Each structure stands twice: as C-alpha cells, then as structure tokens.
Amino acid sequence: MAVTVNFPAAFHTIAGGESLVVRESVSTVGQLLEALERLVPGLGKELDDPLYNIAVNDELLLHNVDQRAVADGDVVEIVPTMAGG
C-alpha cells in the first residue's frame with residue numbers, strides 16, 4: 001500500500017519535503033494521520049489544527065474526515081484554510 005501526502009510550504013521543514021509516501025496498511029484518514037505521526041513525531045500534532053483541511057484525490061473533506069476511506073494510490077493534500085473578506 002502507498003498513499004502520497006502532499007504538504008503546504010509551511011510543513012516542508014517538519015515533514016522533510018513537500019510530500020511523504022505512507023507505506024503502512026491504512027484504510028482511513030484517521031489511520032493515515034496516525035501513521036504520519038509515527039513517521040515524523042510531532043507532525044500529527046501540527047496537523048490537528050483547524051487551520052488545515054484535508055483533501056483526498058482533490059475532494060476537500062469537510063465532515064467525518066477521520067472516517068474517510070483511503071486506498072492504495074490515493075493522494076492526500078494538506079490544505080491551509082483560506083479566509084477573506
């Protein structure tokens with residue numbers, strides 16, 4: 001299994017680059033976030049912030065994010081929340 005996680009510029013230093021490939025067996029976004037924490041200690045805490053949203057295969061997730069299924073080959077994006085007025 002391989003799920004690619006792409007990060008915004010603010011996370012490149014923490015994550016060690018613009019993306020990481022998680023090769024653990026995960027079936028949900030919640031499990032993926034736990035795997036990211038194991039790969040890069042502290043990353044999960046940084047991502048647990050309402051300033052960031054998650055998209056799976058270009059679908060922005062707004063509800064029940066942790067339960068959203070992920071599969072081999074999926075691309076997950078960490079998206080900074082935009083605000084304006």
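**A friendly tour of the largest pocket and the sheet**

The largest pocket of this predicted model has a volume of about 330 Å³.

User: Which element gives the most to the lining of the largest pocket?

Analyst: Happy to help! At least two residues of the lining come from each of H2, helix H3 (43-47) and S3. The one that gives the most, with four residues, is H2.

User: How many residues in the lining of the largest pocket are charged?

Analyst: The lining is made up of 17 residues, and Leu33, Leu47, Asp48, Ile54 and Asp66 are the ones nearest the pocket's centre. By class, nine are nonpolar and three are polar. The number of charged residues is five.

User: Why is one side of S2 and of S4 left without a neighbour in the sheet?

Analyst: Let's begin with the strand order, S2-S1-S5-S3-S4, in an open sheet with mixed pairing. Strand S2 (19-22) and strand S4 (59-61) stand at the edges, so each has a single partner strand. On average, neighbouring strands here are turned by 25° against each other, direction ignored. The reason for the free sides is therefore the place of S2 and S4 in the sheet: at the edges.

User: What angle does the direction of H2 make with that of S2?

Analyst: Helix H2 (residues 29-39) packs on the sheet and touches strand S1 (3-6), S2, S3, S4 and S5. Its direction and that of S2 make an angle of about 110°.

User: Which residue in S5 stands opposite Asn53?

Analyst: Good one to look up in the structure! Strand S3 (residues 52-56) pairs with strand S5 (residues 75-80) in the antiparallel sense, over five bridges. Opposite Asn53, in S5, stands Val79.

Methods
Residues numbered from 1 in each chain as written. Predicted model: local features only at pLDDT ≥ 70, side-chain atom pairs only at ≥ 80, totals over all residues. Heavy atoms only, no water. Pairing = 2+ DSSP bridges. Axes fitted to C-alpha atoms, helices over the stretch in contact; angles between N-to-C directions. Contact = heavy atoms within 4.5 Å. 1 Å grid on protein atoms, 1.4 Å probe; cavity = no way out; pocket = protein on both sides within 12 Å on 5 of 7 lines; lining within 4 Å. Points joined across faces, edges and corners; volume = space filled by probe spheres on them. Nonpolar A, V, L, I, M, F, W, Y, C, P; charged D, E, K, R; others polar.
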